[in-house]
Amino acid sequence: MNRRLLWKLCATLALGTLVLMWVITFLGDETEQQMSFIAERHQQTLKEWGRTAERLHNAGDEQALADWLAELQAREDTWAAVVRSDIQPLAGSVLTPRFREGFRIGRSEEWKIHLYFTENPIMETPFADERTHFLVLLPQRMRPGTYLPQAKLFLKVALPLVVLIVLSLVIYRHLMRPLRQLELATRQFSNGNLGVRVRALLGNRNDELAALAETFDCMAERTGDLILTQRRLIADLSHELRTPLTRIDMAISCVEEGIDTQHLLPRLRRECRLMRELVEDTLTLAWLENEKPNLDRDSLDLTDLLDSILEDARYEYPGHTLHAGLPARAEVSGSSHRALAQAFENVIRNACTHTPAGGNVWIDLKAMPDGYLLTIEDEGPGVPTEHLERIFTPFFRTAQARGSRPGGHGLGLALARRQVEAAGGWIEAENRHEGGLRMRLWLPASRGHANAPAQITVT
């Protein structure tokens with residue numbers, strides 16, 4: 001697993017944390033910067049006080065100036081004064097215009113106030129003569145940064161909390177969208193919608209949740225196929241059992257009416273045998289379809305196995321000529337003796353059944369890279385091209401097969417394909433140019449070399 005979702009979440013959280021820290025630092029600095037200046041209205045008040053002091057001073061009324069300063073200090077609970085700065089350079093020093101222009105005893109109203117100082121600064125408004133100055137200790141009510149603690153609390157607590165909540169919501173939506181799709185699909189699947197799929201709904205997403213959706217789709221597809229296969233098997237089995245059950249029911253009615261039934265007993269025994277074989281084959285087929293087993297516990301010689309099957313076939317079909325081209329030994333490992341025996345027998349019996357009396361059946365086994373190729377050819381009518389794949393479908397029989405072999409059920413080749421595939425091989429059918437059907441079965445020499453060739457050209 002590529003853990004793409006893990007890296008995506010780590011990157012999101014790391015980037016979000018870095019951005020959050022930068023935003024908090026930036027906003028904190030900006031907030032403190034903006035709150036470090038005296039409000040415009042207070043600046044105007046300080047300047048107005050300076051102009052009033054300058055006016056009283058220029059009027060020469062010292063007592064009026066003193067009374068005004070006393071009243072101001074009492075009203076604002078602060079200190080205020082008008083002072084003269086007579087700077088005398090010594091030792092031949094010269095005061096430059098720049099110094100005289102920039103010389104200050106206190107702070108200008110436009111200057112920044114350092115909020116981390118507990119004491120308020122002294123503010124200065126110079127008079128026009130540049131030697132007299134109005135000084136006032138900044139009143140507490142004019143001190144900037146009144147709401148700085150609340151702003152810092154917001155930036156350090158409220159803002160990170162809001163950002164983390166938003167980030168959590170984004171991550172939650174990112175995670176929950178595919179999970180909701182999975183939940184909805186699971187509910188629909190449980191309600192009988194076997195065709196529901198999830199991966200296509202997630203678009204180009206490629207992470208652990210997309211992999212989970214793909215796993216769900218594979219599970220839904222396999223489970224849906226199993227359900228449909230079981231339904232089809234049950235329906236086909238019910239159809240196939242209906243005829244023998246009807247015959248048995250008729251025989252029982254004859255017994256109940258006192259009709260001589262001795263001639264019916266062989267027919268009843270035959271119907272019971274066919275029903276038993278049909279049920280056994282159907283159960284085996286259902287097990288192979290549902291469980292998809294790997295039959296790989298036996299080691300055997302294909303030549304010996306085919307020799308015994310051909311001996312039984314020659315006895316069962318004495319009018320046929322069976323031509324066998326088998327190597328001296330053809331050992332395979334990691335296979336299943338029982339499954340291959342039944343598969344070979346079904347294919348060979350199918351070839352003999354559809355070959356007319358006195359006809360020929362060819363059985364050829366050749367060693368191939370990493371396996372063996374078994375070819376079985378007959379002189380029967382063949383199969384319509386459009387039905388070459390369908391003959392491996394359970395209970396499928398061509399119209400000609402139903403006419404020539406009414407006792408068959410169409411399970412032999414279906415079982416053979418699934419048994420050969422469970423043993424690691426494959427089986428396919430094609431019509432011969434000379435007439436008849438050619439069946440080809442490939443089996444691995446061992447399950448460690450089970451890379452079956454997709455197509456083999458037969459000459």
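Helices (H or I, at least four residues) and strands (E, at least two) are taken here as DSSP runs, numbered from the N terminus. On that count, this predicted model has eleven helices and ten strands in its chain. Of the 459 residues, 39% are buried. Among contacts with a separation of 6 or more, 67% link residues 24 or more positions apart. Here's a quick tour of some helices, a turn between two strands, and a few individual residues.

**H2 and its neighbours**

- Helix H2 covers residues 40–58; its 19 residues reach 27 Å from first C-alpha to last, close to the 27 Å expected at 1.5 Å a residue.
- H2 packs with helix H3 (residues 62–76) at an angle of about 155°, and the two axes sit 8 Å apart. Since angles over 145 degrees count as roughly antiparallel, that makes H2 roughly antiparallel to H3.
- On the H2 side, Trp49, Thr52, Ala53, Leu56 and His57 make the contact, while H3 brings in Glu62, Ala64, Leu65, Trp68, Leu72, Arg75 and Glu76.
- Sorted by class, that contact has seven nonpolar, two polar and three charged residues.
- What is buried in H2? The list runs to His42, Gln43, Leu46, Trp49, Gly50, Thr52, Ala53, Glu54, Leu56 and His57.
- Those buried H2 residues pack against H3, but also against three strands: E1, E2 (122–126) and E3 (132–137).
- Just after H2, glycine 60 takes a positive phi of about 80°.

**Leaving H3: aspartate 77**

- Aspartate 77 lies in the loop between H3 and strand E1 (80–84).
- Its phi is near 55°, a positive value in a residue other than glycine. Most residues other than glycine have a negative phi.
- Aspartate 77 is exposed, because its relative accessible area of 70% is over the 50% cut-off.

**H8: one side in, the other out**

- Helix H8 (residues 302–316) has 15 residues and reaches 21 Å between its first and last C-alpha, close to the 21 Å expected at 1.5 Å a residue.
- Its buried residues are Leu302, Thr303, Leu305, Leu306, Ile309, Leu310 and Ala313. They cover an arc of only 150° around the axis, so they end up on the same side of H8.
- Flip to the other side of H8 and you'll find Glu311, Asp312 and Tyr315 exposed.

**Histidine 323 in strand E5**

- Histidine 323 is found in strand E5 (residues 321–325).
- Buried, exposed or in between? Histidine 323 is partly exposed, with a relative accessible area of 32%.
- There's a link back to H8 in terms of distance: the C-alpha atoms of histidine 323 and leucine 310 are separated by 9.5 Å, with the two positions 13 residues apart along the chain counted as their separation.
- Leaving aside residues up to four places away in sequence, histidine 323 touches Asn360, Val361, Trp362 and Ile363.

**H9**

- Helix H9 (residues 337–354) has 18 residues and reaches 26 Å from its first C-alpha to its last, close to the 26 Å expected at 1.5 Å a residue.
- The buried residues in H9 are Ala339, Leu340, Ala341, Ala343, Phe344, Asn346, Val347, Ile348, Asn350, Ala351 and Cys352.

**The loop between E7 and E8**

- Proline 369 is found in the loop between strand E7 (360–368) and strand E8 (371–377), and aspartate 370 is found there too.
- Proline 369 is exposed, with a relative accessible area of 65%, whereas aspartate 370 is partly exposed at 41%.
- Aspartate 370 has a phi near 70°, again a positive value in a residue other than glycine.
- Which residue sits 8.8 Å from proline 369, C-alpha to C-alpha? That's alanine 445, which is 76 residues apart from proline 369 in sequence.

**Arginine 417 in H11**

- Arginine 417 lies in helix H11 (residues 412–422).
- Buried means under 20% relative accessible area, so arginine 417, at 13%, counts as buried.
- Not counting residues up to four places away in sequence, arginine 417 touches Glu389, Phe392, Ile427 and Glu428.

Terms used. Residues are numbered from 1 along each chain as its sequence is written. This is a predicted model: local features need pLDDT of at least 70, side-chain atom pairs count only at pLDDT 80 or more; totals for chains, interfaces and linings use all residues. Side-chain values use heavy atoms; hydrogens and water are left out. Axes are lines fitted to C-alpha atoms, for helices over the stretch in contact, and angles run from 0 to 180 degrees between N-to-C directions. Angles under 35 degrees count as roughly parallel, over 145 as roughly antiparallel, 65 to 115 as roughly perpendicular and the rest as oblique. Contact means heavy atoms within 4.5 Å. Ala, Val, Leu, Ile, Met, Phe, Trp, Tyr, Cys and Pro count as nonpolar, Asp, Glu, Lys and Arg as charged, and the others, Gly among them, as polar. The expected span of a helix is 1.5 Å times one less than its number of residues. Buried means under 20% relative accessible area, exposed over 50%, partly exposed in between (1.4 Å probe, protein chains only). The arc is that of the directions from the helix axis to the C-beta atoms.
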